[in-house]
Amino acid sequence: MIYRETGQFKSSYQADQALFPIKQDRYVILGILIVTFAIVPMLLNQYWLNAIMLPFLIYSLAALGLNILTGYCGQVSLGTGGFMAVGAFSVYKLMIAFPELGFIPLVLISGFITAAVGTLFGLPSLRIKGFYLAVATLAAQFFLVWLFNKVGWFYNYNASGMINSPPMTVFGVIITGPEGDMHGKYYLVAAFVAVFALAAKNIARGRIGRNWMAIRDMDIAAELIGVRPLIAKLSAFAVSSFYIGMAGALYFAVWLGSAEPTEAFDINQSFLVLFMIIIGGLGSVLGSFLGAGFLVLMPILLKNIMVDGLGTDAALAAHIEIITVGVLIIGFLIVEPHGLARLWRIAKEKMRLWPFPH
Amino acid sequence: MNSAKLCRSILAALLALPLLSGVASAYELTIPSLDYRTGPYAPNGIPFANGYGDYMNMLNERDGGINGSKINLVACETAYNTKRGVECYENTKGEGESGALVYQPLSTGITYQLIPKSSVDKIPVFSMGYGRTSAANGKIFPWVFNFPATYWSQATVFIQYIAEKEGGMDKLKGKKIALVYHNSAYGKEPIRTLEKAAEKYGFEFLALPVDHPGQEQKSTWLQVRKERPDWVMMWGWGVMNQVAIKEAASIRFPMDHFIGVWWSGSENDVLPAGKAAHGYLSGAFHQPGSNFPAHADIRKHVYGKGMGLGDEDRIGEVLYNRGLVAAMWTTEAIRKAMEIHGTNEVKAVHVRDGFEALDVDEARLTELGLPGFTIPVKITCENHEGPGKVALQQWDAHAKKWSLVSDFYEPLRDITGPLIAEDSAQYAKENGVVPRICGS
């Protein structure tokens, strides 16, 4: 009743091809943006912003990136951690070498550097598919982390091999370094995520996105109807790595502040982001957010409920948390193998028919 | 949802047990305990957390806290994971009326994260014998304390021990010394010092990294067998330690030529290798064993009331005592802070002053029920490392016991001094820290 497109007549092609053709969707997106930028920063304290919202947004961006590659173009990748490391180390070197460029351009440049690296590691995808490609990208993961750990130039020959983000400002507000302003950090990351989520939605429905999906659904058929696999696959790797690179840059510079390659960008990162898109929903922008939310917020929420709310012993809570998150993942995948985004899609269908389901 | 019901009933049962805080009326001293009782580092994290918590609970039960103010120990599980450690820090720093008074992360990775954050939040970090070595320079790191000795001091002590066994510093020339290290910020700490020492004394230095978590070390020890170093040092933690000792035993590397850092020398590390671990050495700055009056008090006041965090028969293990000594110095610093500022309602800023004026000598140790337990520590504004002295302990696999086998060595300050100055100056430059001037 509330959510239906009946009565919304499109009188131009432009209106018909809009990013959100249904009026209610536009309102919802607008509402989410208002909540994100105006209400959330007012309500939440430092702990929530720093320890919960920042990782949620940054992982959403990384999941978005991987979803472009895996969800839209069908190329399985286990190199996310490695590509995030490329973004992080690029932004670190750039912040040291060219601080005058400003933080936002530096993050974008690190995204482009990662895109180049990602494209390079995407080359095998032209010959191999599926699990074999996953192994090739796994090689990227191990090689990149090894490289950043081994070559001193990347971490400016620091004795411990750690990188620390020097203080930088955006519009006069300190964003990185220990004195970074928490609201500034939040706004910056939220703005990045908002802009690039809309961009992803836009790319996905256009020609490039359709090429990706054609490749995903059946690459031979796609080739026959004129999609060039070289362009389609490598562009997916490039765009995906661009997103992941930016996520890595923000992850290191804004959220963590310092990082060591072997821990911050290890294989678990790659799995984590992959699980996010599998749980959230492959080939869905919304799914990236839902998956990131599920895997970032759920453990912290469980911990807070148990330790602060119920007074459970911290170690026991940690064990229960491991079990519960595992059970929930399996549970969700049994209930809905296509991810949380699919649940939302079903809900939408139901709402359109409501209150006359037949 | 059966699982939820089950969880809830377990929780309810547990809720009834540990009501530590009691009546929250008076001013409580909040001390967060960043534990790790899960993950590959839990075998080492558990005894430390038990020692740390038991000592503080003992003070609460026996003396009613520190000078009558109760300690509120807030445990937070980090799993030795940096990101979770930071989450714990953010979560606990504002806890209670006093706010978090001091952090003991027990992880070099987390310490590196907390150093800049805590200086802004003005909360001291007590990274006892780990973390960033150059934080020994109190002029640049006013909020970080890493006494009683750093990794660099320890590395030079091992060199001296080796020289002594070989028959003098000049006998080091031409020897081959390998370092098996955890491939992380922690494991990499001693490399620069050892390189400098290798240059100075003419021994050959070989660095062999082991990747997290260190369950697979076959290739590393194959390399040891191939290169045949005269001595092997190890900077390991968690599961890595036991695996390394077992691997060393399997290639028949002489155990009395194998020296672990003080984080690689506990019962958990040597027991799995059985008799083969006999003679294995490690660094130490306190006595093993549980025959001190403080241990008796813990048994009586904490375990006697069923409030112990671990098993009673594991009191006195090396890492348990490590946690205990950490708790002792921490509470002494708080006591000092109360004395300096003349109030029991100390905040983190005051506790920092307490740490900086800390002076726990042998007489005080005896009063605390720990005579001869560790070395006297005196901290000053510029020196946050304290004495820097390290001894070696050896494992007796037949008696299943650690014992100190050497005196406390002075570190080679001519090697560590310039390195500390250089590294801390670099930090100051990168982060725009102006070194403070230590007053008269």
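What share of the contacts in chain A with a separation of 6 or more comes from residues 24 or more positions apart? The share is 75%. Keep that number in mind as you look around, and remember that you have a predicted model on screen.

**Stop 1: chain A**

Select chain A and switch to a cartoon view. You should be able to pick out 15 helices and four strands. The radius of gyration of chain A is 21 Å, and the globule rule gives 21 Å for 358 residues, so chain A is as compact as a globular protein of that length. Turn the C-alpha trace around and you'll find that chain A spans about 70 × 55 × 45 Å along its principal axes. If you colour by burial, 46% of the 358 residues of chain A count as buried.

**Stop 2: chain B**

Now hide chain A and show chain B. Here the cartoon has 15 helices and 13 strands. Its radius of gyration is 21 Å, close to the 22 Å that the globule rule gives for 440 residues, so chain B, too, is as compact as a globular protein of its length. The C-alpha trace of chain B spans about 65 × 60 × 45 Å along its principal axes. Buried residues make up 58% of the 440 in chain B. As for contacts in chain B with a separation of 6 or more, 71% are between residues 24 or more positions apart.

**Stop 3: the two domains of chain B**

Give each domain of chain B its own colour. For domain 1, select 20–149 plus 288–388; for domain 2, select 151–284 plus 390–418. Put a marker at the centre of each, taken over C-alpha atoms, and the markers will sit 27 Å apart.

Next, look at where the domains of chain B touch: 19 residues of domain 1 are in contact with 24 residues of domain 2. On the domain 1 side, try selecting helix H2 (42–63), H4 and helix H12 (318–341) of chain B, since each supplies at least two residues there. What classes of residue does this side of domain 1 have? There are 11 nonpolar, six polar and two charged residues.

**Stop 4: a strand with two partners**

Stay in chain B and zoom in on strand S12, residues 391–396. This strand is mostly covered, with five of its six residues buried.

One partner of S12(B) is strand S9 (residues 281–284) of chain B: the two run antiparallel and are joined by four bridges. To see one pairing, click Gly283(B) and then its bridge partner in S12(B), Leu392(B).

The other pairing to look at is with strand S13 (residues 401–404) of chain B, again antiparallel and over four bridges. Show Gln394(B) and you'll find Ser403(B) of S13(B) standing opposite. S12(B) and S13(B) form a hairpin with four residues between the strands. Follow the backbone to Lys400(B), which takes a positive phi near 55 degrees.

**Stop 5: where the chains meet**

Bring chain A back for the last view. Across the boundary, 35 residues of chain B are in contact with 35 residues of chain A. On chain B's side, the elements giving two or more residues are helix H1 (2–15), strand S2 (71–77), helix H3 (82–92), helix H4 (108–121), helix H6 (185–188) and helix H15 (413–431). Which of these gives the most? Select H4(B), which gives seven residues. Finally, colour this side of chain B by residue class: 12 residues are nonpolar, 11 polar and 12 charged.

Terms used. Residues numbered from 1 in each chain as written. Chains lettered and ligands numbered in written order. Predicted model: local features only at pLDDT ≥ 70, side-chain atom pairs only at ≥ 80, totals over all residues. Buried ≥ 20, exposed ≤ 12 C-beta atoms within 10 Å, placed from the backbone. Pairing = 2+ DSSP bridges. Contact = placed C-beta atoms within 7 Å. Nonpolar A, V, L, I, M, F, W, Y, C, P; charged D, E, K, R; others polar. Domains from an automatic or database assignment. Rg over C-alpha atoms; globule rule 2.2 N^0.38 Å.
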